[in-house]
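Subject: Structure handover

Hi,

Here is the structure I promised to pass on. Please open it next to this note. My findings follow below.

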Amino acid sequence: MTQAVTVSADLEVAGLGRSLWGDAVHRLRRDPLAAACFAVIVLYVVVAVWASWAYADFEKTQNYAERNQAPSASHWLGTDVFGRDVLAKTLLGAKVSMTVGAMANVIAVPLGLILGVIAGYFGKWVDDVVVWLYTTMASIPGIIRLIAIKYAFDNVVLFEGSRFELDLGGIHGLYIALGVMSWIGTCRLVRAETFKIKSLDYVTAARALGQGGFRIVFRHIVPNLFHIAIIQFTLGFVGAVAAEVILSFLGLGVEVGTPSWGTMINAARLDLVVGRWWEVTAACGAMFAIVLALNIFGDRLRDALDPRLRT
Amino acid sequence: MGAYVVRRLVQSVFTIFGVMLLTFLLFRVVAGEIASAHLGPRATAKQLAEWRAKHGYDKPLLINRNAGEPWYDTQFLSYMTRVPAFQTRSVITNERLLDIIIERAPYSLAITVPAMALGWVLAMIVATIVAYYRASLIDHVGVFLAVLGMCVPYLAFIMAGQMLMFRVAPRLAYGLASPFSIYVPVAIAVIAGLGGGVRFYRTVIVDEANRDYVRTARAKGVPLPGVMFKHILRNCMLPILTNLVLAIPFLIMGSLLLETFFGIPGLGDLLLSSITNRDEPIVSGLTYLTALIYTLGVLLTDVLYAVFDPRVQLT
């Protein structure tokens, strides 16, 4: 770090003499598209927090006098079949999407990181077990895996009656299903990277100094894998948001009545035919914007954080 | 070579065993009771017990401790022996899964085979063009459109397509009334998958085009189309074929959403209705089917890699 201070201005411009993270932030800032996408993501998060506070009593706003109204000055995106404001519903859907995306990856990424690094570092039977575990799970393809686990969770309530009661039939089950089902990609990447890192000199040096396996893994190897974790978090977010919409659409996602883009599309799937386009359009449009922003930002982030991909 | 194939086969058996273990744990242990779901909340204890006995849910899960019965006479054993050969029976209609699959799979294949073939050809053509003009305006516009297409929700494609058909030709918008009905979901699947396909194939082609041997070929004067078709595309085939093989499970299962929307009685539609009806033997059988096909597909690709690419070492 002391070196960075003395680096000349020329090197600064060339992007040298900065840490990986400093360089990545610098690159992303200079990229207007990445910055715009990041702004969209932040906006969605802010909206999600704000909507859950502003529309706390959304369920009670049913108004049968104003059912199925087209967009107007008082309801910018029209009203749904119960006379509720579609704009409010869409913004509340952002809350579900953002929490599901975040929670699923809060479970999946550390799980994949830890299993991957342990398999890669210790090798032998540990590696065999982890590889068996993820090939097994990966062999049930994508959405079918999620449908199966949500089916199993339908009537399951963990810690029933206690303070920590968790009804896995609803959104908590969704977090867990997405979390335990989407660590595979992270695990594969981390395992392959650990194989490379563990033969580097500095790891050998740490071992020669007599440090234990777990200490080497968590002090010396894991910090060098954080960039993979961050990239996987962003890309995994897209997958979780899309999966939530499809599962909710199929009735396997959030509890019935929770405003989410998937339930909105499901509720309005026959509306299009009679010309009520606003609810479906609002949900699809909201989803399109966040998925686009996350995809582009994730790609740019990967380019910025993974030096091998630089051209 | 022989030893490699045998070892990969043994690994696949372990994977399939793992899948069955996982589905058994999920559907029988985690999901728990399904008798009351089928008989309703007012069923008596006797009715529930009869239902369980009829469908084999009365046995112990893992170890039989009942006096006079062998320890291995359990749900686990019957699950492990029936699921692999698709001998489970629906708890609702009592049909054997194998018969259901034979009856329904053609509908799924009728959508997915043309969709995959057509989608692949189209995506390859567009990707080749875009990669050929890489770093030019055509490339930038192409990639931009592909990313946009990837981000439109799949449900939006389906609903817009069905809506359009209701306006243009209502007869084709639902069911199988006309022989042309099947082409509507096919077209939707092709269009919805195009963005992701183009982007993936473009990346593969551009990666290959940046290699040294391509530069050598161009330096010695091979014309650009020759480089593209004779050198680059041939070397891209392995990753592209892998990607295709990995999509095979979806060939069999069909597109879950398309089948539901268009009322096509395929396997995807069966899976979703079995989930709703809590028809556990069908759900577990179909999950196993997809895993089996996927595993066999991966096995086949690995072996073909070893056969066709001399650089791949058999380890």
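**An exposed residue in chain B**

B:F308 counts as exposed, because just 11 C-beta neighbours fall inside 10 Å and the limit for exposed is 12 or fewer. The residue belongs to helix α14 of chain B, which covers residues 280-308. Its C-alpha atom is 9.0 Å from that of B:L238, and the two residues are 70 apart along the chain.

**Confidence**

Keep in mind that this is a predicted model. The predictor assigns the complex an ipTM of 0.81 and a pTM of 0.83. For chain B, the average pLDDT is 82. In that chain, 97% of the residues score at least 70. As a general caution, predicted coordinates should not be read in detail where pLDDT is low.

**Chain A overall**

Chain A contains 14 helices and two strands. Along the principal axes, its C-alpha atoms fill a box of roughly 75 × 50 × 35 Å. The chain has 311 residues, and 41% of them are buried. Now take the contacts in chain A between residues at least 6 apart in sequence. Of these, 66% join residues at least 24 apart.

**Where the chains meet**

How many residues of each chain are in contact with the other? Chain A brings 31 residues and chain B brings 33. On the chain A side, the elements that give two or more residues are α6 (124-138), α7 (142-153), α12 (226-249) and α14 (278-305). Of the elements on that side, α14(A) gives the most, with eight residues. By class, the chain A side has 24 nonpolar, five polar and two charged residues.

**One helix pair across the interface**

Two packed helices are described by the angle and the distance between their axes. Here the pair is α14(A) and α6(B), the latter being residues 137-151 of chain B. Their axes come within 9 Å. They cross at roughly 130 degrees. That angle makes α14(A) oblique to α6(B), because it is neither over 145 degrees, as roughly antiparallel needs, nor in the 65 to 115 range of roughly perpendicular. The crossing is right-handed.

Which residues make this contact?

- From α14(A): A:F288, A:V291, A:L292, A:N295 and A:I296.
- From α6(B): B:V147, B:M150 and B:C151.

Seven of these residues are nonpolar, one is polar and none is charged.

**Two positive phi values in chain B**

Most residues other than glycine have a negative phi. Two residues are worth a look against that background.

B:F86 has a positive phi, near 60 degrees, and is not a glycine. Where does B:F86 sit? Its place is in the loop between α4 (75-82) and α5 (97-132) of chain B. B:F86 counts as partly exposed, because 18 C-beta neighbours lie inside 10 Å.

B:R278 is also not a glycine, and its phi is positive at about 50 degrees. This residue is in the loop between α13 (267-277) and α14 of chain B. Is B:R278 buried, exposed or partly exposed? It is partly exposed, because 18 other C-beta atoms lie within 10 Å, while buried needs 20 or more.

Best wishes

Key: Residues numbered from 1 in each chain as written. Chains lettered and ligands numbered in written order. Predicted model: local features only at pLDDT ≥ 70, side-chain atom pairs only at ≥ 80, totals over all residues. Helix = DSSP H or I, 4+ residues; strand = E, 2+ residues; numbered from the N terminus. Contact = placed C-beta atoms within 7 Å. Nonpolar A, V, L, I, M, F, W, Y, C, P; charged D, E, K, R; others polar. Axes fitted to C-alpha atoms, helices over the stretch in contact; angles between N-to-C directions. Parallel < 35°, antiparallel > 145°, perpendicular 65-115°, else oblique. Left-handed = near helix turned anticlockwise from the far one by under 90°. pLDDT = per-residue confidence, 0-100.
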